[in-house]
Amino acid sequence: MRQDRIGFLAMLPLLAGLAGPAAGAPPAAGVPPSNRFVATPYLQSVTTDGVTVCFETAQPCESRVRFGAGDAMEFEVAAPRPATRHQARLSGLPAGAICAYRVEVPGLPPQAGSFRTAPDGPAAVRIVAWGDNQDSPGRFGPLVRRMLALAPDLAVGLGDLVGWGDIPSHWPRDFLGPAAELLRRVPFFSAHGNHDGEKGFAEVLSQPGNERYFAVTYAGIRLIFLDPRFDEGDPGIRPWGRQHRWIRNELDSDAFRRARFRLVFLHHPPYSEGFWPWYGGEKEVREHLVPLFEAAGVDVVFSGHHHGYERGQWPRDRGVHYVVSGGGGAFQDPFHWRDLPQIEFSRAGRHFLLIEGGPDRLRVTAIDEAGNAFDTFTREAHPDAP
Ligand SMILES: [Fe+2]
């Protein structure tokens, strides 16, 4: 975590006479004239009562965020000290509510947005997901506009969000810039990909827990994020590793068992027919995680890494669905190196996923660059879930 990344700690009642600067107003005294938004507001870690608003400025500066349910901006959080990376936690909001916010930085135009807090229980929700946009903002941008047109409640990255995550300029260039209009109103979570770097990923994103593996419940759906290559100084996803212990506890938890649908997101797929002759998917994921997924009743494992689309169910007709979706922008692999029983359908081509969750059924649809759905499947809710 960099020294200049700050969290906003205080939630203050809105005070009269604290009106922010108007768009186009001349810089206030003491404001660096070279200041600008390197990244406009992007939303993370949504819960039933709040969200984290992140943004980056070129110069260290003060900032505050006004917010509230509906159009009422009745609360505000203020940064405790000047910073370039800003992370404001908005809280105290009602569940499943449309909320508005406005970021105010002295001397810069205010940045307004809105979002929906997580529903408190099963509800009809739309989640968009993509993988491997990497260093192709020109191809990612049009896909983002198609995602936004579907009015999603939540967005999920499958990893490789940028060309190289430890180069700071790649985040606004490859991800935060081309996805700005989506991210200012649709909260997102992301799996960590091998292009996302270590320091950069930790600085730019604001995710639960250690930010690399964590789980959240959203509208009755359990979303589990894993990072099999995360180096914590122990064997990770091998049975005696920290992450393996964590996922075993997660799969045994009430939160997991009570969920109507159980989804896993991790960048490196257990199975792939198309990524280089020697690959075939991640051996350690197959050996150490897939048996846990099967035993616990995971519904779908979403991955990226291979630049294409692959889908299958294993064991066939009753097992876990596996989806590889590396179509967010990077070049597409036109290869088909092997036939695996776990993969039933594959194709190269840029695309994204629409995950529609409802009380009783979850539908996953793959949508291409032209907006056409080219594959879909459904899962029924777990009967023992409330
Ligand atoms: Fe990758």
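In strand E15, Leu 263 is the bridge partner of Leu 223, and this pair belongs to a set of five bridges that join strand E14 (residues 221-225) to strand E15 (residues 261-265), the two running parallel. Strands here are DSSP runs of E with at least two residues, numbered from the N terminus, and two strands pair if DSSP finds at least two bridges between them.

This is a predicted model, in which local features need pLDDT of at least 70 and side-chain atom pairs count only at pLDDT 80 or more, while totals for chains, interfaces and linings use all residues. Residues are numbered from 1 along each chain as its sequence is written.

**The sheet around E14**

Strand E14 is also joined to E13 by five bridges, and these two strands run antiparallel. In the hairpin that they form, two residues lie between the strands, and Ala 219 takes a positive phi near 55°. The pairs below are taken from the bridges of E14.

| Residue | Partner or opposite residue |
|---|---|
| Tyr 218 | Ile 221, bridge partner in E14 |
| Arg 222 | Arg 262, opposite in E15 |
| Leu 223 | Leu 263, bridge partner in E15 |

These strands belong to an open sheet of seven strands with mixed pairing, in the order E13-E14-E15-E16-E18-E17-E19. Strand E13 (214-218) and strand E19 (345-347) stand at the edges with a single partner strand each, so one side of each is left without a neighbour in the sheet.

In a regular strand, side chains alternate between the two faces of the sheet. In E14 both faces are covered, with Ile 221, Leu 223 and Phe 225 buried on one side and Arg 222 and Ile 224 buried on the other; a residue is buried if 20 or more other C-beta atoms, placed from the backbone, lie within 10 Å of its own. Because five of the five residues of E14 are buried, this strand is largely enclosed by the rest of the structure.

**Domains and confidence**

The protein is divided into domain 1 (5-116) and domain 2 (125-380), with bounds that come from an automatic or database domain assignment. The contact between them takes 19 residues from domain 1 and 17 residues from domain 2, where two residues are in contact if their C-beta atoms, placed from the backbone, lie within 7 Å.

The average pLDDT, the predictor's confidence in each residue from 0 to 100, is 91 for the protein, and 91% of the residues score at least 70. Over residues 9-25, however, the pLDDT is below 50.

Methods
Helices (H or I, at least four residues) and strands (E, at least two) are DSSP runs, numbered from the N terminus. A residue is buried if 20 or more other C-beta atoms lie within 10 Å of its own, exposed if 12 or fewer, and partly exposed in between; C-beta atoms are placed from the backbone.
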